[in-house]
Amino acid sequence: MIIGVGIDVAEIDRFDDALRRTPALADRLFLASELHLPSGERRGVASLAVRFAAKEAVAKALGAPAGLLWTDCEVYVEESGQPRLRVRGTVAAAAEARGVRSWHVSLSHDAGVASAVVIAEG
């Protein structure tokens, strides 16, 4: 059963401007594992923007409850290349309260726009 669906888009250049204007923003939005590639190299802005869009989509799929922490939702990619979500803390509590048992996520970025779709399934 589908509990909720969320979709979000982020303009990559605008997101980059926000990160440059507010250097501490990246640490408020992302875990270290999201900021860096497995090689240790910093992830590109398009990759970060699509992860931010996914976090926004998660909030929308949950009905946009107050009090969610950005870092309580982690976007990662399996070795197969499939994106996944890992939730904890405030996001896990909101998901549990709504009966969410699994997540489905799709990420894309092209033509200066990052987009994400999230389905919360019960």
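Modeller: Two strands pair if DSSP finds at least two bridges between them, and the strands (E, at least two residues) and helices (H or I, at least four) are DSSP runs numbered from the N terminus. The model is predicted, with local features needing pLDDT of at least 70 and side-chain atom pairs pLDDT 80 or more, while totals for chains, interfaces and linings use all residues. Residues are numbered from 1 along each chain as its sequence is written, and side-chain values use heavy atoms, without hydrogens or water.

Colleague: Which residue takes a positive phi in the hairpin of S2 and S3?

Modeller: S2 and strand S3 (residues 83–87) pair in the antiparallel sense over 5 bridges, and Tyr76 stands opposite Arg84 in S3. Between the strands of this hairpin there are 5 residues, and the positive phi, near 100 degrees, belongs to Gly81.

Colleague: Which element gives the largest share of the largest nonpolar core?

Modeller: Such a core joins buried (under 20% relative accessible area, 1.4 Å probe, protein chains only) Ala, Val, Leu, Ile, Met, Phe, Trp, Tyr and Cys residues through side-chain atoms within 4.5 Å. The largest has 18 residues, with Val58, Leu62, Leu85, Val100, Trp103 and Val118 making the most contacts inside it. Among the elements giving two or more residues are strand S2 (73–77), helix H5 (89–98) and helix H4 (45–61). The largest share, 5 residues, comes from H4.

Colleague: How many residues has the second, separate core?

Modeller: Leu85, leaving aside neighbours within four places in sequence, is in contact (heavy atoms within 4.5 Å) with residues including Val58, Trp103 and Val118. The second, separate core, which includes Leu19, Leu29, Leu48 and Phe52, has 16 residues.

Definitions and conventions
Buried < 20%, exposed > 50% of the residue type's maximum accessible area, 1.4 Å probe, protein only.
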